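Colleague: Got a minute to go through this one with me? Put it up and I'll start asking.

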Number of protein chains: 2
Amino acid sequence: MLIAPVGILAGVAAAIPASAAPPPAAATCAACHGENGGGGGGGTFPRLAGQLAAYLARQLHDFKSGARANRIMQPLAAGLSDDQITALAQYYSRAQAPYPSRQKVNPATLAHGESLVRLGKWSAEVPACATCHGPKLAGLAPDFPMLAGQYADYIAGQINAFRRGGRRSDPLNLMQHVARGLDDADVKAVAAYLAWLRPGGDNQVPKVKVASPAARRVAAKGFQPPPESAIPGGPDGEMIRFGEQVFTDTGHYAKAYTGNVLNCSNCHLDRGRLANSAPMWAAFGRYPRYRKKNDKVNTLADRIQGCFVFSMNGKPPPADSKVMVALESYFHWLATGVPVNTDPPGTGYPDVPKPARAPDPARGAQVFKTHCALCHGADGQGRTSAGAVVFPPLWGPQSFNWGAGMHRIPTAAAFIKANMPLGLGGTLTDQQAWDVAAFVDHHPRPQDPRFTGSVKETKQKYHQHMGYYGQVPSTPTKKEITPP
Amino acid sequence: MLIAPVGILAGVAAAIPASAAPPPAAATCAACHGENGGGGGGGTFPRLAGQLAAYLARQLHDFKSGARANRIMQPLAAGLSDDQITALAQYYSRAQAPYPSRQKVNPATLAHGESLVRLGKWSAEVPACATCHGPKLAGLAPDFPMLAGQYADYIAGQINAFRRGGRRSDPLNLMQHVARGLDDADVKAVAAYLAWLRPGGDNQVPKVKVASPAARRVAAKGFQPPPESAIPGGPDGEMIRFGEQVFTDTGHYAKAYTGNVLNCSNCHLDRGRLANSAPMWAAFGRYPRYRKKNDKVNTLADRIQGCFVFSMNGKPPPADSKVMVALESYFHWLATGVPVNTDPPGTGYPDVPKPARAPDPARGAQVFKTHCALCHGADGQGRTSAGAVVFPPLWGPQSFNWGAGMHRIPTAAAFIKANMPLGLGGTLTDQQAWDVAAFVDHHPRPQDPRFTGSVKETKQKYHQHMGYYGQVPSTPTKKEITPP
């Protein structure tokens, strides 16, 4: 318990004159509240200096009428005329009195008090003090007094009076209701913080280390996105279905934004549903999120745009384009039930342990021939059937460009290990996955669209990853998309 | 069990000539596979017509070598030279044979088959058939045969042979692996669907009503957003904090986009955290979602822009503006743990039951005077303290405009009933909430920015809600924001 009474006025109080001569009746007040209204008795007698005149006048009237019960103030106020009340209220509102030195307060108490004063305790229907008394706690006439710099003991006493029914003249019984939402520790903290404030001063409370709450990650192990049959009707369903079409036939439905023959579903298997294949149900709730790649907080739209620019070697669909809204709608629907801002099991591609031997394109070539060429072709250029691309090209003008995530060997290895060969995910050894990733990434592909004119500079700026950035020739991008 | 053998060739088969004269060896084949390779024996003998030549040739070679075991085909293929194999493969790939009539299949079986063929069964590592055999199931030479229109019994037999190890010549053992992921019902459905397909025909399966899965809403009763102390460090945390600043001091931090003195937190209490006060943790996971208000699927950015245009009587922050990214980041963080695409308890403002008496502004005026004027002022223009708006103006040039949700009496009543007077939410009667909502909305406020020139037309187009749209004068919008 580090809170000490802060009511003892510094000795300089009397040296600072009030801005106007006190009215005669003030002599009585000064006995307890100090000559300039600085208060006294360690907070038994509140600070009046600087308080709102209308509030002071109302309180004196309430004391006089008995609406506000107080054994000392009632008889004193009873002897005051309306004019005297006005004069006293005016005087003290303009009076200047120094504030006592700040007392040492437990930083955790101060932080709790600041939180209650600035943020409230809404779980108990307690709005922030600052909501009504103003952001500077300077009050709002005539009902909401200035609180900043008031004595802690006085504030605590008044809040407790509101809590227990000893003070009832508050409009709408608002403070009585609010005060009942505070417990003893709250009252102590609020009072300490308000007393600690200095109008016009530096009111930054010391930083407190608060133990992080238990991580809120909700396990979504085995999460299954809703089945196709659960797509809703109406405009939402139409947009979701269109999003799925864009996702699986990107070159057709998002033609304006693609620069190669890849589909979103080439890297996000099972139409973005498969765990450990960067499923979209896991991606939706992760954004906005900071990405080092572009050194900013990315919205989901930013993230999707990145896919189009690098993986699709195309152009970013605007955030308000139908393609973008449709993709977001599809992801949103897939994510039904996934807790926001968590990384549920199955997110992204699982990292593959660092291999015993450095990834080697030559060894990877053998892996490719045995396990990959069946579908992607010996030349890695993929396959078409009835005019449609069935297996995607892995390098060359119709594949992802130098700026794509798949051009990072660790990313490619992770994708391959978990998912390739298609339907046989997990069957390659870690070393095979690394080697074949190196092999794939060791081929020419379209230039990084962020190319600054210098490979070295571009790599330095954007692609400091394990890979062959700039070590193999770039291929010209085919503007006309024709199946390979 | 509605699947019937579909192998009986229609009688017209022989009438359609193959596109080229059959090679001599074809006479042997024709005995079982039909003269034009249409197949026979109810699927005992597969259709060859139109199959990929390279696939046919490979199978004949595999029969010859024994790689593909078959009691009938092995001795026959053993007698064929390489040239004969090539000639037969070429001939049958070009041969034309009519397809048998489609057999009646249980629509649920067909739908299940379509789902497996088009979407796969990834939970058992089964990619979609269409992934390798092409979107038209027309095959991809030499390893992935054409499947469309093949006999169901033949397909089922082959899948089962892959499942049980009777057929092993598939590259990478891929089909053996895939087939083991299918159960009997899957095999039956896949076979039925593939047999049902007609190259170039209408392959739309009949619509099937599939029972909706149990609603995935995860109760978030009593959900509490994370405490301030849990805001992460780094750029994410900076953005979240800025978002909170924009939310609570909108006129300052989003000055360019506001046209009045309201803050987001005026309608979304406790900085967007309070249940039943349209909390942002409940809003985040709801979008994209269709809104009748603008007749489109709205992203979260669209929704926020609507607030700025109507409630803030300002301009929409662009989707990629810092203000927008910050607000989305703040909402995203608040929503940590809330299931996506659900309406957790506390979402929005709870509807207030229709009142016994029609909402009456005159009665509402009394409610206002007693319960609201304390904070919002007798003139409804709100209050300032130390230069900052503390209580928002409820009408007039500095308040929300005719297009805002709060200008709908039911919305205003819902907000008021649950949340007003501040700290005393739920204390007004339903009738009082409706009456005072009518009173508030019965005052002049800025014009709807969608104003077409005719109040009647604008109302008809955009605001067919319970309220006083166009029934009271509009106030000019103050372009200069000065506290009231």
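Colleague: What rotation superposes chain B on chain A?

Modeller: A rotation of 180°, with 0.0 Å of shift along its axis and an RMSD of 0.1 Å. That is the relation of a two-fold axis. The copies are superposed by least squares on the C-alpha atoms of residues with pLDDT of at least 70 in both, pLDDT being the predictor's confidence in each residue, from 0 to 100.

Colleague: And which C-alpha of chain B is nearest the axis?

Modeller: That of Pro339(B), 2.1 Å from the axis. The same surface serves both copies, too: 100% of the contact residues of chain B recur in chain A. Contact here means heavy atoms within 4.5 Å.

Colleague: What are the ground rules for the numbers?

Modeller: This is a predicted model, where local features need pLDDT of at least 70 and side-chain atom pairs count only at pLDDT 80 or more, while totals for chains, interfaces and linings use all residues. Residues are numbered from 1 along each chain as its sequence is written, chains are lettered from A and ligands numbered from 1 in the order in which they are written, and side-chain values use heavy atoms, with hydrogens and water left out.

Colleague: OK, confidence. What are the ipTM and the mean pLDDT of chain A?

Modeller: The predictor gives the complex an ipTM of 0.76 and a pTM of 0.76. Chain A has a mean pLDDT of 87, and 91% of its residues reach 70 or more. Among the elements of chain A, helix α16 (residues 322-334) has the highest mean, 98, and strand β6 (residues 474-475) the lowest, 72. Helices (H or I, at least four residues) and strands (E, at least two) are DSSP runs, numbered from the N terminus.

Colleague: Where is the pLDDT of chain A below 50?

Modeller: Over residues 1-18 of chain A, for one; that stretch still has 38 contacts in the model beyond near neighbours in sequence. Residues 210-221 of chain A also stay under 50, with 16 contacts beyond four places in sequence. Where pLDDT is low, the predicted coordinates should not be read in detail.

Colleague: Switching to packing. How many residues are in the largest nonpolar core?

Modeller: 214. Those with the most contacts inside that core are Leu137, Phe331 and Phe368, in chain A and in chain B. A nonpolar core is a set of buried Ala, Val, Leu, Ile, Met, Phe, Trp, Tyr and Cys residues joined through side-chain atoms within 4.5 Å. Buried means under 20% relative accessible area, exposed over 50%, and partly exposed in between (1.4 Å probe, protein chains only).

Colleague: What does Phe331(B) touch?

Modeller: Phe247(B), Met280(B), Phe284(B), Leu300(B) and Ile304(B), leaving out residues up to four places away in sequence. Apart from the largest core lies another, of 20 residues, including Ile85(A) and Tyr92(A).

Colleague: How about Gln305(B), buried or exposed?

Modeller: Gln305(B) counts as buried, because its relative accessibility is 18%. The residue lies in helix α15 (residues 300-311) of chain B. Beyond four places in sequence, Gln305(B) is in contact with Pro316(B), Pro317(B), Pro318(B), Ala319(B) and Met324(B).

Colleague: How many disulfides did the search find?

Modeller: Zero over all chains, a disulfide being a pair of cysteine sulfur atoms within 2.5 Å. For Cys32(A), the nearest cysteine sulfur is that of Cys29(A), 9.0 Å away.

Colleague: Why is there no bond between Cys264(A) and Cys307(A)?

Modeller: Because their sulfurs are 7.0 Å apart, too far for a bond. Cys264(A) is buried, at 11% relative accessible area, whereas Cys32(A) is partly exposed at 30%.

Colleague: Now strands. How do β3 and β4 of chain A run?

Modeller: Antiparallel, with three bridges joining β3(A) (residues 383-385) to β4(A) (residues 388-391). Strands pair if DSSP finds at least two bridges between them. Thr384(A) has Val389(A) as its bridge partner. The two strands form a hairpin with two residues between them, and Ala386(A) in the turn has a positive phi of about 50°.

Colleague: Which other backbone angles should I look at?

Modeller: Asp270(A) has phi near 55°, positive in a residue other than glycine. Asp270(A) sits in helix α13 (residues 269-272) of chain A and is buried at 12%. There's also a cis peptide bond between Ala141(A) and Pro142(A), with omega about -5°. In chain B, the peptide bond from Met420(B) to Pro421(B) is cis, with omega near -10°.
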